[in-house]
Amino acid sequence: MTKRTILLIEDEEAISEPLAAALAREGFDPIVAGTAAEGMELFTRRAPDLVLLDVMLPDGDGRDVLRRMRETSRTPVVMLSARGEEMDRVLGLELGADDYVTKPFSAVELAARIRAVLRRGGGEAPAHAAAVLEAGDVRLDLEAHEATQGGEPLELTVKEFELMRVLLERAGKVVKREELVREVWDPAWFGSTKTLDVHVSALRKKLGDDPAAPRYIHTVRGVGFRFDPAVEAQ
Ligand code: CA
């Protein structure tokens, strides 16, 4: 598997250095630019698979960099902004950003978001991707990264959200354990699949689901899980 190149445009070395190291550990090939100008130059020359773009750069605004990139390219861009910068999330997405994270964030969380964006098939016209997944009274807004159940917000972790996304994409069908692990974690995951059970269990708890009489997540013993919301009797 070839490594995906991630262009990190960030002027603060206290962020870019450890982040680049973490991305390398996560199996990506990071390249770092400290200014908007250098970022545009590397973007053109190296054609990265994804861009992490800081909003406040010494020689310009990250949103202008994004606008310029979008004139010629659909390469996925994840905007990074510091808490308090009040970067308008909606504006960022309107300008064509694929996701948006607020500092401070963990490298592991960011890597999960990067994988999610890459998996959504960034680089294609956004119209091709379903922005909302629904099954029964559960709804996932993939762009806003929001989950609701019966209209009430569900507070999900990044992994729980991803797990739910994969299950909902194939609602009514069995998703194999290995597929879930591969999609939600990492192709190079060597850990025990116990992690999967821990996350499924957490998800069930948040949904108020009883594994003995499931209304949402059904266990298919030895195979995997099936998301199949029960229709409430009227
Ligand atoms: Ca900055």
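Strand β6 (77-82) is mostly covered in this predicted model, with five of its six residues buried. On one side, β6 runs parallel to β3, and four bridges hold the two strands in register as a pair. One of the matches here puts D54 opposite L80 in β6. On the other side comes β7, again parallel, and this time joined to β6 by five bridges. L80 turns up here too, with V101 as its bridge partner in β7, while S81 is matched with T102. Strand β7 is itself mostly covered, since four of its five residues count as buried.

Stepping back, these strands belong to an open sheet of five, laid out in the order β2-β1-β3-β6-β7 with parallel pairing. The edges are taken by β2 (29-33) and β7 (99-103); each has a single partner strand, so one side of each is left without a neighbour in the sheet. Neighbouring strands are turned by 20 degrees against each other on average, direction ignored. At the β2 end of the order, β1 (residues 5-9) pairs with β2 in the parallel sense through five bridges. Among the matched residues, I9 has A33 of β2 as its bridge partner. Helix α1 (residues 13-25) packs on this sheet and touches β1, β2, β3 (50-54) and β7. The direction of α1 makes about 165 degrees with that of β2.

The sheet also has a part in holding the metal. A calcium ion takes its protein donors from D11 (OD), D54 (OD) and M56 (O), which lie 2.1 to 2.4 Å away from the ion. Along the chain, these donors follow the spacing D-x42-D-x1-M. D11 sits in the loop between β1 and α1, whereas D54 is part of strand β3, so this pair ties together parts that are 43 residues apart in sequence. The two aspartates also come with their own accessibility values. D11 is partly exposed, at 30% relative accessibility. D54, by contrast, is buried, and its relative accessible area is 1%. So D54 has a double role in this picture, as a donor of the calcium ion and as the residue opposite L80 in β6.

Next comes helix α5 (residues 107-119), which has 13 residues. From its first C-alpha to its last, α5 reaches 18 Å, close to the 18 Å expected at 1.5 Å a residue. Its buried residues form an unbroken run in the numbering: L110, A111, A112, R113, I114, R115, A116, V117 and L118. What covers them includes the strands β1, β3, β6 and β7, along with the helices α1 and α6 (158-169). Both β6 and β7 therefore appear again here, as part of the cover over α5.

Helix α6 leads on to another helix contact, this one with α8 (residues 194-207). The two pack at an angle of about 85 degrees, and their axes are 10 Å apart. That makes α6 roughly perpendicular to α8. On the α6 side, the contact is made by K159, E160, L163 and M164. The α8 side brings in L196, H199, V200, A202, L203, K206 and L207.

Technical notes. Residues numbered from 1 in each chain as written. Predicted model: local features only at pLDDT ≥ 70, side-chain atom pairs only at ≥ 80, totals over all residues. Heavy atoms only, no water. Pairing = 2+ DSSP bridges. Axes fitted to C-alpha atoms, helices over the stretch in contact; angles between N-to-C directions. Contact = heavy atoms within 4.5 Å. Expected span 1.5 Å × (residues − 1). Buried < 20%, exposed > 50% of the residue type's maximum accessible area, 1.4 Å probe, protein only. Donors = N, O, S within 2.8 Å, 3.2 Å for Na, K, Ca; no water. Parallel < 35°, antiparallel > 145°, perpendicular 65-115°, else oblique.
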